[in-house]
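Here is a short, friendly tour of one protein chain. Have the sequence and the 3D view open as you read.

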Amino acid sequence: MRSVPSIIHLDMDAFFAAVEQASKPSLRGKPVIVGGLGGRGVVSTASYEARKFGVHSAMPMAQARRLCPNAAFLTGRFEAYRANSEIVMSLLRERSPLVEPLSLDEAFVDLEAGPYGPALADATPAEGAQLVLALAEDLRADIVERTGLTASVGAAASKLMAKIASEQAKPDGLVLIEPGSERSVLAPMPVRALPGIGPATEQALRRAGLTSVADLAEAGFEELVGLLGKAHGAGVFQMALGWDERPVVPDRDAKSVSVEDTFEVDLADRERILREVDHLAARCVRRLRAAGRSGRTVVLKVRRFDFSTLTRSETLRGPTDDPEVIAATARRLAGQVDTTGGVRLLGVGVAQLADYTQEDLFAQLEREERGAAEEAGAGTGTGTGADSGSESESGEVGAEKASVEPAVRRWWPGQDVTHREFGPGWVQGSGVGRVTVRFETPYSERPGRVRTFAVDDEELSASGALPLRRPGPHGA
C-alpha cells in the first residue's frame, strides 16, 4: 500500500443531466431526467433537483413521472456526452498516462505515473497529501473552465478507497482519505459499500449477522470463505481491511457485458421468466451504457432444473444499447428454450461491442417501423364514405399511398435541431403532427423562445450538439 494518496477517482456529477442543463439555459436549476421515454423505459440519470423527489437511476420512467411530474424528460444525446467525456479524459491524461476509464463520466488516475510523480515520490506523507489536493482542485477547476460541468474527486492510496472518497465528496466536492486510516473509515459502513457485494451476497452476510464492514473484518478470513467461497470470500476480507493493490490499468477493452441471476426456487411460470429476462436486459443495458459501449449480439443463458445450461444468441443489424431492442431480442431467444421443468439461472449479455454512436440507428428503425405500422393500421381501419371505396379498392389505394408517401419524421424530446430562420434549438415535445422547439444554445444569456411547427416542416432539421463552451484557444 502507498504512503501517499496518489490514486484519484473522478466521477462527474449527474453527468447526462448536467450536460442537458448546461446545453439548455431554460433547464438550469430545474429537475431533469434522462432515459428511455417508452412504456418500459428506465431512468439513466436524474439531476440533483430531481433526486430531491426520490428519482434515481435505474428507476422505471413511469415511476419517475409520478414522483416528479414537472421535470423535463429527455432522451439521451450521446454525441454530446461523448464529446464532453473526451474533454474530461484528455484533462486526466495531462495528469498521468495511467487513466482507467470506467464509463463516459468516471475514471481512476495514478498520479505517480505522471509529471508530478517524482515530486510525490520525494515528498513526506503530509507533503504528498497536500500536493495531491492541489492537483485535484486544479483538475476540477479545469473541467469547469472547459465544460462548465462539475466533478467529484476522491484521493487515496488505493482504488477501493479513492472510489469511496469520491462517493463521500458528491456533489462537486473533494475528499482525501489518509493512508493508514482505511479501516477506521470503512468500519461503520454497510457491507454494500464494498464493490462486488450485491443484494444476494448482502443477504447471505445478513443471515450470518454481518451487516457492517467492521463485522466482516472481525469475522475473519475462514468464516468469509466458508460463507462466500474461496475467491469471493478472500476478496471481501481483504477489502474489509482496506487492502487493495489493484493497479490503474488504462484502456481496458471488454469483449462482452452480461448479468445473470440464480434463483432460490426454480422458476416455472413462463410470464415470470419473461419478466426476469426483461429485468436482466435492463441491468445489462445499464452496464453497457456505463462502459460507453453498444453491441450487436444479444446472448441469453438458461440453466435448467437439471443443471443443464443452454445459450442462445441473435446478431442484430447494427450495434445497439437500446433497452427495448435488447429486451425484445432476449425474449425471442427465451422462446427457443424449453423451460417446462423449471429454471435455476437466467443471464442476458451483449457481445460484439462497439463504441457509443451518436444515435442508435437500429433501435430508431425498429421504433419507426413499429410506429408506421400502427399508424397505417389506424388509418386504414377508419375510412368512411367515398374515400373508403370497396374493400379491394381501399387495399389498392393504401398500397399505392404507402409506396409514394414519405415516412413521417419523428422528433425526440431533447433532440438538437436547427431552423433556417430561427437557428439552433432543441425539441421540447411532439405529437398530433406538431413539434415544439425552444430556440436557445449553451451560450444564451436567458431562456429562449418557444415555437411550434408541423412535424414535416422543411425549414426544420436535426443537427449536431453544440459544445458547452464557445470554441476558443483550447479548441473546445
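## The chain as a whole

A residue counts as buried when its relative accessible area is under 20%. By that cut-off, 45% of the 476 residues in the protein chain are buried. Do keep in mind that this is a predicted model.

The protein chain holds 16 helices and 17 strands. Among its contacts with a separation of 6 or more, 63% are between residues 24 or more positions apart. Its accessible surface is about 23,400 Å², and carbon and sulfur atoms contribute 51% of that.

## Glutamine 21 in helix H1

Let us start with a single side chain. Glutamine 21 belongs to helix H1, which covers residues 15–23. Is this residue buried or exposed? With a relative accessible area of 13%, glutamine 21 is buried, because the cut-off for buried is under 20%.

The side chain of glutamine 21 comes to 2.9 Å from the backbone oxygen of lysine 30. Beyond its neighbours within four places in sequence, glutamine 21 is in contact with Leu27, Arg28, Gly29, Lys30, Val32, Ser47 and Glu49.

## Two helices, H4 and H13

Helix H4 runs over residues 78–95. Its 18 residues should span 26 Å at 1.5 Å a residue, and the end C-alpha atoms are indeed 26 Å apart. Buried residues in H4 include Phe78, Tyr81, Ser85, Val88, Met89 and Leu92. As a reminder, an α-helix has 3.6 residues a turn, so residues three or four places apart point the same way.

Helix H13, residues 270–290, has 21 residues and reaches 30 Å from first C-alpha to last, close to the expected 30 Å. Its buried residues include Ile273, Val277, Leu280, Ala281, Cys284 and Leu288, and also the charged-name entries Glu276, Asp278 and Arg289. At the start of H13, a side-chain oxygen of aspartate 269 lies within 3.3 Å of the backbone nitrogen of glutamate 271. After H13 comes glycine 292, with a positive phi near 70°.

## A five-stranded sheet

Now for the strands. Five of them form an open sheet in the order S16-S15-S14-S13-S17, with antiparallel pairing. Why is one side of S16 and of S17 left without a neighbour in the sheet? Strand S16 (449–454) and strand S17 (460–462) stand at the edges, so each has a single partner strand. On average, neighbouring strands of this sheet are turned by 40° against each other, direction ignored.

The partner of S16 is easy to trace: strand S15, residues 434–439, pairs with S16 in the antiparallel sense over six bridges. One of the residues involved is arginine 434, whose bridge partner in S16 is alanine 454.

Terms used. Residues numbered from 1 in each chain as written. Predicted model: local features only at pLDDT ≥ 70, side-chain atom pairs only at ≥ 80, totals over all residues. Heavy atoms only, no water. Helix = DSSP H or I, 4+ residues; strand = E, 2+ residues; numbered from the N terminus. Buried < 20%, exposed > 50% of the residue type's maximum accessible area, 1.4 Å probe, protein only. Contact = heavy atoms within 4.5 Å. Areas by Shrake-Rupley, 256 points an atom, 1.4 Å probe, with all protein chains shown as cover. Polar contact = N/O pair within 3.5 Å; in protein donor to acceptor, adjacent residues only side chain to side chain. Expected span 1.5 Å × (residues − 1). Pairing = 2+ DSSP bridges. Axes fitted to C-alpha atoms, helices over the stretch in contact; angles between N-to-C directions.
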